[in-house]
Amino acid sequence: MKKWMIVWACVAACSVSFAQTKKDFWTEFAKTKFEPKYYEKLGEYLFYPTFPAELKALEGKEITMEGFYVPFSPEGETYIIISKYPMSQCFFCGGAGPESIAEVNFAKPPSKFQVDDLITIKGKLRLNTDNMDHVNFILDQALLVSK
């Protein structure tokens, strides 16, 4: 009996440690350094990213992350934006930094979302340094994991 309790305790401890290994990619995105540079086309300063090596190593790899749906994409576009924070605190409305949002390009169109829906997305990470029509962190071929 004592032997089974020890085995059960070991299994429970291992499953807790595996459950806690879920990577927080918002924390990884926050390691990106941003430097203001003059953008001639708009006539203003914009923040350009310098991605850390560990984030560059993830480019092209599939990642899963959770974020709040933010209804901000130009008319006619097929992508959505997710944010680390709800809309009232996000990059566009609340003053958070560019590391707190990600663009999501779905493999197939998902159902409609409501503002601040907390969703989990799986997709291939693409880092954007110079296309100012898109954000710095992009998930391509994305699938909705949960809503």
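1. At 31% relative accessibility, D116 counts as partly exposed, because the value falls between the limits of 20% for buried and 50% for exposed. The model under review is predicted. D116 is placed in the loop between β5 and β6. Its phi is positive, about 70°, although D116 is not a glycine. Most residues other than glycine have a negative phi, and the backbone at D116 may be inspected with that in view.

2. A second residue belongs beside D116 in this review. Q141, also not a glycine, has a positive phi near 50°. Q141 is found within a strand, namely β7, which covers residues 137–146. Is Q141 buried or exposed? Q141 is exposed, since its relative accessible area is 52% and the class begins over 50%.

3. The overall composition is as follows. The protein chain holds three helices and seven strands. Read from the N terminus, the elements follow the order α-α-β-β-α-β-β-β-β-β. The chain has 147 residues, and buried residues make up 34% of them.

4. Which strands close into a barrel, and in what order? Five strands do so, in the order β3-β4-β5-β7-β6, with mixed pairing. From one strand to the next, the twist averages 55°. Q141 has its place in one of these strands, β7. Within the barrel, β4 (residues 80–83) and β5 (residues 101–106) run antiparallel and are joined by four bridges. S83 has I101 of β5 as its bridge partner. Strands of a sheet pair through backbone hydrogen bonds, either parallel or antiparallel.

5. A further strand pair is formed by β1 and β2. Strand β1 spans residues 33–39 and strand β2 residues 44–50; the two run antiparallel, and seven bridges join them. One example is E35, whose bridge partner in β2 is Y48. The two strands form a hairpin with four residues between them. In the turn, G43 has a positive phi of about 70°.

6. The largest pocket contains about 460 Å³ of space. Its lining consists of 20 residues, and L46, F91, M132, H134 and V135 are the closest to the pocket centre. Which element gives the largest share of this lining? It is β2, with three residues; this strand also takes part in the hairpin with β1. By class, the lining comprises 14 nonpolar residues, five polar ones and one charged residue.

7. The second largest pocket holds about 220 Å³ of space. It is lined by 15 residues, and Y69, Y79, I80, K112 and F113 lie nearest its centre. Two barrel strands are concerned here, since both β3 and β4 occur in the barrel order: each supplies at least two residues of the lining of the second largest pocket. The lining divides into ten nonpolar, three polar and two charged residues.

8. Aromatic contacts deserve separate comment. The count of aromatic pairs comes to six. One of them joins W26 and F29 in edge-to-face geometry, with 5.7 Å centre to centre and 85° between the planes. Both residues lie in helix α2 (residues 25–29), three residues apart, which is about one turn of the helix. W26 and F29 are both buried.

9. How far apart are the ring centres of Y69 and F113? The distance is 5.4 Å; the planes stand at 40°, so the pair is tilted, because an angle counts as stacked under 30 degrees and as edge-to-face over 60. This pair links distant parts of the chain: Y69 belongs to strand β3 and F113 to the loop between β5 and β6, 44 residues apart. Y69 is buried, because its relative accessible area is 15%, and F113 is buried as well, at 11%; the limit for this class is under 20%. Both residues recur among those nearest the centre of the second largest pocket. The loop that holds F113 also contains D116, the residue considered in the opening point.

10. One aromatic cluster remains to be recorded. It is formed by W26, F29, F51 and F137. The cluster thus includes the two residues of the edge-to-face pair, both of which are located in helix α2.

Key. Residues are numbered from 1 along each chain as its sequence is written. This is a predicted model: local features need pLDDT of at least 70, side-chain atom pairs count only at pLDDT 80 or more; totals for chains, interfaces and linings use all residues. Side-chain values use heavy atoms; hydrogens and water are left out. Two strands pair if DSSP finds at least two bridges between them. Axes are lines fitted to C-alpha atoms, for helices over the stretch in contact, and angles run from 0 to 180 degrees between N-to-C directions. On a 1 Å grid over the protein atoms alone, a cavity is a set of points where a 1.4 Å probe fits but cannot get out, and a pocket is an open set with protein on both sides within 12 Å along at least five of seven lines; lining residues have an atom within 4 Å of a point. Grid points are joined across faces, edges and corners, and a volume is the space filled by probe spheres set on the points. Ala, Val, Leu, Ile, Met, Phe, Trp, Tyr, Cys and Pro count as nonpolar, Asp, Glu, Lys and Arg as charged, and the others, Gly among them, as polar. Rings of Phe, Tyr and Trp (its six-membered ring) pair if their centres lie within 6.5 Å; planes under 30 degrees apart count as stacked, over 60 as edge-to-face and the rest as tilted. Buried means under 20% relative accessible area, exposed over 50%, partly exposed in between (1.4 Å probe, protein chains only).
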